[in-house]
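Trainee: Could you take me through one part of this fold slowly? I'd like a close look at the sheet and the helices that pack around it.

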Amino acid sequence: MISEEGIPVHIAIIMDGNGRWAKKRALPRIAGHNEGMKTVREITRSASQLGVKVLTLYAFSTENWKRPKLEVDFLMKLPEEFLSTFLPELIEENVRVEMIGDMEQLPDHTKKAVQNAMNRTAENDGLILNFALNYGSRTELVQAVKSIIQDVKEERLAEQDVTDATISRYLMTGHLPEPDLLIRTSGEHRLSNFMLWQLAYTEFFFTDVLWPDFSEKHLLEAIASYQKRSRRFGGLS
């Protein structure tokens, strides 16, 4: 059982294991990605009902372009398919769609689908469904540093005022609370260039469950584990 008072405000998920899920069933990798999309719908619904404020999903990294073209092309079609079928429910459930990552590199049809979802849900004030799409944390940090340097040069920001809070504001997630809980599926124990700055004091939960098999039950297990921990942020309890 979980406590209603201890629900994480921001949950981030590295959705891993789609390819292995498909391989175990002698299916092509794209079948795993398609099944994983169904899990996104279930977990979004569950997070919204639980009262989570932000759900950030690592959907496509800047390194994923190295994958076979057929797989990348399929992955770029998923946001369009997902958002076109799920958008009416997202609107009805008061969910706001956002994105972090470099949108300019995405194919036009992908950009159009994501932008349309963001525009149509912009006034919603429930769960923020935040897709990390063509996202890489090191690139994000480099861009933030460059922006800070430029603003200092142009005297919009004083050098002595640059703090860790300043850097946080210049990140793509500057308007969001930092994640309370990070979940990674499929048994991997690494961050894979995901929110390196933002996860400094986040609680981690790793599970062997492959993403297409991840369910509300597993989400509740992760939250229950989170609620048992003492978050001291470097201090004493």
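Mentor: Here is a walk through the sheet, then the helices, then a few single residues.

A word on the model before we start: it is predicted, so to speak of a local feature takes a pLDDT of at least 70 and side-chain atom pairs count only at pLDDT 80 or more, while totals for chains, interfaces and linings use all residues. Residues are numbered from 1 along each chain as its sequence is written, and side-chain values use heavy atoms, with hydrogens and water left out.

Let's take the sheet. Six strands, in the order S3-S4-S2-S1-S5-S6, make an open sheet with parallel pairing. The strand and helix labels are DSSP runs numbered from the N terminus (helices are H or I with at least four residues, strands are E with at least two), and two strands pair if DSSP finds at least two bridges between them. As background, strands of a sheet pair through backbone hydrogen bonds, either parallel or antiparallel. At the edges you'll find S3 (96-100) and S6, each with a single partner strand, so one side of each has no neighbour in the sheet. Ignoring direction, neighbouring strands are turned by 20 degrees against each other on average. For these angles, axes are lines fitted to C-alpha atoms (for helices, over the stretch in contact), and angles run from 0 to 180 degrees between N-to-C directions.

Now look at the S3 edge. S3 pairs with S4 (residues 128-135) in the parallel sense over 5 bridges. Glu98 sits opposite Asn130 in S4, and Met99 sits opposite Phe131. Although S3 is an edge strand, 4 of its 5 residues are buried (under 20% relative accessible area; exposed is over 50%, partly exposed in between, with a 1.4 Å probe and protein chains only), so S3 is largely enclosed by the rest of the structure.

Over at the other edge, S6 (residues 203-206) pairs with S5 (residues 181-184), again in the parallel sense, over 4 bridges. Leu182 has Phe204 of S6 as its bridge partner. The side chains of S6 alternate: Glu203 and Phe205 face one way and are buried, whereas Phe204 and Phe206 face the other way and are not.

On to the helices. H2 packs on the sheet and touches S1 (10-14), S2 (54-61) and S4, with its direction at about 160 degrees to that of S2. H7 also packs on the sheet, touching S1, S5 and S6, and its direction makes about 140 degrees with that of S5. Contact here means heavy atoms within 4.5 Å.

H2 and H7 meet each other too. The axes of H2 (residues 29-50) and H7 (residues 216-227) come within 9 Å and cross at roughly 45 degrees. That makes the two helices oblique (under 35 degrees counts as roughly parallel, over 145 as roughly antiparallel, 65 to 115 as roughly perpendicular, and the rest as oblique). The crossing is right-handed (the near helix is turned clockwise from the far one by less than a right angle; anticlockwise would be left-handed). H2 brings Glu42, Ile43, Ser46, Ala47, Gln49 and Leu50 to the contact, and H7 brings Glu216, Leu219, Leu220 and Ile223. Those residues divide into 6 nonpolar, 2 polar and 2 charged, where Ala, Val, Leu, Ile, Met, Phe, Trp, Tyr, Cys and Pro count as nonpolar, Asp, Glu, Lys and Arg as charged, and the others, Gly among them, as polar.

H2 has another helix partner, H3 (residues 69-92): they pack at about 30 degrees with their axes 10 Å apart. H2 and H3 are therefore roughly parallel, and H2 passes H3 in a right-handed crossing. Among the residues that meet are Ile30, Met37 and Val40 in H2 and Phe74, Leu78 and Phe82 in H3. The whole contact divides into 9 nonpolar, 4 polar and 6 charged residues.

Finally, a few single residues. Most residues other than glycine have a negative phi. Asn94, in the loop between H3 and S3, has a positive phi of about 65 degrees and is partly exposed, at 26% relative accessible area. Met195, in the loop between S5 and S6, has a phi near 50 degrees, also positive, but Met195 is buried, at 0%. Glu5, in the segment before S1, is exposed at 80%. Glu5 and Gln227 are 222 residues apart in sequence and 9.5 Å apart in space, C-alpha to C-alpha.
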